[in-house]
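Here is a short briefing on a structure with its sequence. Please keep both in view while reading the points below.

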Amino acid sequence: MTDKQPIVVMKGITIEFPGVKALDGVDLRLFPGEVHALMGENGAGKSTMIKALTGVYKINAGTIVVDGKPQQFNGTLDAQNAGIATVYQEVNLCTNLTVGENVMLGHEVRGPLGINWKKTHEAAKQYLAQMGLENIDPRTPLSSISIAMQQLVAIARAMVIDAKVLILDEPTSSLDANEVQDLYKIMRKVRDSGVAILFVSHFLDQIYEICDRMTILRNGRFIKEVMVKDTPRNELIGMMIGKSAEELSQIGAKKARRAVDAGEKPIVSIKQLGKKGTINPVDLDIYGGEVVGFAGLLGSGRTELGRLLYGADKPDAGGSYELKGKTVSISDPYTALKNKIAYSTENRRDEGIIGDLTVRQNMLIALQATRGMLKPIPKKEADEIVAKYMKELNVQPPDPDRPIKNLSGGNQQKVLIGRWLATHPDLLILDEPTRGIDIGAKAEIQQVVLDLAEQGMGVVFISSELEEVVRLSDNIEVLKDRHKIAEIENGDTVSQQTIVDTISNTTISTGKEA
Amino acid sequence: MTTATRKAAKATKATKGFSFNPQMIPTITAVVIFILMLVMGQALFGTYARLGFFSSLFVDHAYLIILAVAMTLPILTGGIDLSVGAIVAITSVVGVKMTMAGVPAFVAIIVMLLLGVVFGLLAGVLIEEFNMQPFIATLSTMFLARGIASMISTDSLTLPEGNNFDFISQDIKIIDRPKISHDLTINVGVIIAVLVVIFGYILLHKTRTGRTIYAIGGSRSSAELMGLPAKRTNYIIYLVSGTLAALASVVYTANVGSAKNTVGVGWELDAISSVVIGGTLITGGFGYVLGSVIGALVRSIIDPLTSDFGVPAEWTTIVVGAMILIFVVLQRAVTALSGDKK
């Protein structure tokens, strides 16, 4: 492997934004026929590095050599012409067009009478077939196929421009296990055809499964290039976060479960609460000071149950909702907030942050909403609240007047948690608070969850990562196919495997309500 | 191969042999409503099926068809061109003034078209170089064009007798019957409008520029990341819509034989109505030139229909407003439905 010549050599890449050095002399080499992982925490400079290679950002210093030729990218088109194709985390295709149109956009087959649609669709079909999508009619609207398939369509598009380098920026973050395997199949196929793949993912398992080589970045600096098979995980994590990896596994590991006193009233008690088509009626008690984990696969109803508790979805009639012993009707978020229930969305970018507003404004917006728009928060009080949560949650950079969209994902998440904490909720529902964020921020957020419960708050913790659900929760509600199938009290005997077994061993009798 | 693939294969199979696109529903509805209006008019008043009616519908509204095609392009990208009405005014005032001063008609026409190019280009510069919203950019060029037209003249200007503009408005009888109301008549203006429609169709469906227009309407950032020339395309769009507005002005001016600085007030709104009625999504991404043509015809037939019904002329705008409302609601419903499918 060592005698291979790299197809891409990036040397000493430096990119500066006003006031920040996003990248400082970073090197990256990509080899044909290899999957290369770009590793690092959020804010380490991974996305900046990718954008340098795809021509989105102009580099301030350093050189990019592709296939032996030095390159100056002035836009994405330049990078594409040099043979670099990218599939972004949020699939950047046009959902208003058909699958085939998306594959061939800008490369339609033309004849003397303009675009020859018959030939264009035939070509699209061939490229799709390479991705194992031979069953898809190129005339199908893109919006009618799953995200996983849209990602493959985006890769098919990369094949059209005959890419020598394929960049996959967190392609797996919205895929389920089977879809990830399908993606791997395609990745191996593309790799074996001699393409260099640059892969970014937050899932370490995936890195170890599919990648050959990796480059580790930290705080905008190059740390090391290593072969994956020679690098144990704890060493990798150590390089990424720069602190002992054991710290992370210790969070919550003591499993000092809180016992509920007899006769104690739950904060929230729901009976037969459900919504047709999203979640079947559920019974559930949540006590103050406990972390309740919702575990289940994608589509199991874990998010839907969270939204129901918050009134973001209106429950069907027939269920009851008791708040500290009083029957209430939580049918919209405003009522929920008034009743001290807060919900932090899994969809941080679209339903969470308001990108152009500052950290400060984002943090205060929920509190302001509960006060009503006619009663502004006094400036002094607002300053104190913002300062308090920025400090407690360790929001980086500690500048409340920066637009939130300029923060890394992990720090955006912290601001969102601050937003809800500012409303002093009794029950805080966190839907995927650690998704797509780096290990350092993850550890901090996990610690926050435990601290909040310690202080007496009821916390619902929803996550697709069973490992963290098991580690943090006092009680685990297991969901499957829109039914609650089990309630597991956490303890030493409970592990990730317990949940997996519960899910795979439970069959849901249809027609009967779970 | 996977469950996901199989599911999609099933979905595809269901629609095979009958490639029906739910996005076409608003456009098809427009066609149906147009036919219904014709049938109703014919049943009640007996004049709507006559060739003479069609002739005057097309001859009198050739300019609106051109404007509707012009407006379709920016709207498809999620933009808008508010300046088309004012471009009609300034070009017609300049054109007639020149002709009055003895300039040959074909020179005047070329100057008119060039003016359209200039205003389109200006809008493109404002949008692309100064990062302005198309709404604001074309609002400012609209005021600019209207203002210059008023500075040149506020009088009603009449084309001199025997000018060479006439060739555009000269009737061409295709079917000549004893009764004039049964004749099929067109003029060069109608031919120009048809050519513009064909041009619009080819541009949108047969060129990469056209595909980029749709892609921008879907998502500009995606289009850019895919390496499509979004900036250049936006320039082309506003250039074309400005030029077509000038062309509409040529046709209209030749038809009426006069110009005034207040001509074309509100025509941008008529054009937008036509595009929306024709089923183009106002937020961009979906729509057809032919839909806009139907929209322009629907818009045009409302006037004779309401007057035949004895509805006061003032009411016409309410009818137009109601129609737009219905179509937007329909589009919303369709968008929601196709969103659900996922």
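**An enclosed helix in chain B**

Helix H9 (residues 208-218) of chain B is largely enclosed by the rest of the structure, because 9 of its 11 residues are buried. Keep in mind that this is a predicted model. The points below start with that helix, then take up other parts of chain B and the sheets of chain A.

**Around H9(B)**

- Which residues of H9(B) are buried? They are B:Gly210, B:Arg211, B:Thr212, B:Ile213, B:Tyr214, B:Ala215, B:Ile216, B:Gly217 and B:Gly218.
- The cover over these buried residues includes a piece of chain A, helix H3 (99-104).
- Chain B also contributes to the cover, with helix H3 (51-76), helix H8 (188-206), helix H10 (220-225) and helix H11 (230-256) among the elements involved.

**A helix pair in chain B**

- Helix H5 (residues 105-129) and helix H6 (residues 134-152) of chain B pack at about 145°, and their axes are 9 Å apart.
- The crossing of H5(B) with H6(B) is right-handed.
- H5(B) brings B:Phe119, B:Leu122, B:Ala123, B:Leu126 and B:Ile127 to the contact.
- H6(B) meets them with B:Pro134, B:Ala137, B:Thr138, B:Ser140, B:Thr141 and B:Ala145.
- How many of these contact residues are nonpolar, polar or charged? The split is 8 nonpolar, 3 polar and no charged.

**Annotated spans in chain B**

- An unreviewed UniProt entry places the feature "transmembrane region" at residues 28-51, 63-91, 103-127, 184-204, 235-254, 274-297 and 309-330 of chain B.
- In the model, residues 28-51 of chain B are 79% helix and 0% strand, with the end C-alpha atoms 23 Å apart.
- Residues 184-204 of chain B are 81% helix and 14% strand, and here the end C-alpha atoms lie 30 Å apart.

**Strand E16 of chain A and its partners**

- Strand E16 (residues 320-323) of chain A has a covered face formed by A:Tyr321 and A:Leu323. Its uncovered face holds A:Ser320 and A:Glu322.
- In a regular strand, side chains alternate between the two faces of the sheet.
- E16(A) pairs antiparallel with strand E13 (residues 268-275) of chain A over 4 bridges. A:Ile270 has A:Tyr321 of E16(A) as its bridge partner.
- E16(A) also pairs antiparallel with strand E17 (residues 326-327) of chain A, over 2 bridges. Here A:Glu322 stands opposite A:Thr327.
- The hairpin of E16(A) and E17(A) has 2 residues between the strands, and A:Lys324 takes a positive phi near 50° in it.

**The six-stranded sheet of chain A**

- An open, mixed sheet of 6 strands in chain A follows the order E18-E19-E20-E15-E21-E22.
- Its edges are strand E18 (341-344) and strand E22 (483-489) of chain A, each paired on one side only.
- Neighbouring strands in this sheet are turned by 15° against each other on average, direction ignored.
- Strand E21 (residues 475-480) of chain A runs antiparallel to E22(A), and 6 bridges join them. A:Asn475 has A:Glu489 of E22(A) as its bridge partner.
- Helix H16 (residues 439-454) of chain A lies across strand E15 (291-295), strand E19 (427-431) and strand E20 (458-462) of chain A. H16(A) runs at about 155° to E20(A).

**An annotated span in chain A**

- Residues 462-489 of chain A carry the UniProt annotation "coiled-coil region", from an unreviewed entry.
- What does the model show there? Residues 462-489 of chain A are 25% helix and 50% strand, and the end C-alpha atoms are 16 Å apart.

Technical notes:
Residues numbered from 1 in each chain as written. Chains lettered and ligands numbered in written order. Predicted model: local features only at pLDDT ≥ 70, side-chain atom pairs only at ≥ 80, totals over all residues. Buried ≥ 20, exposed ≤ 12 C-beta atoms within 10 Å, placed from the backbone. Pairing = 2+ DSSP bridges. Axes fitted to C-alpha atoms, helices over the stretch in contact; angles between N-to-C directions. Contact = placed C-beta atoms within 7 Å. UniProt positions renumbered as here; feature names shortened; annotations may be inferred. Left-handed = near helix turned anticlockwise from the far one by under 90°. Nonpolar A, V, L, I, M, F, W, Y, C, P; charged D, E, K, R; others polar.
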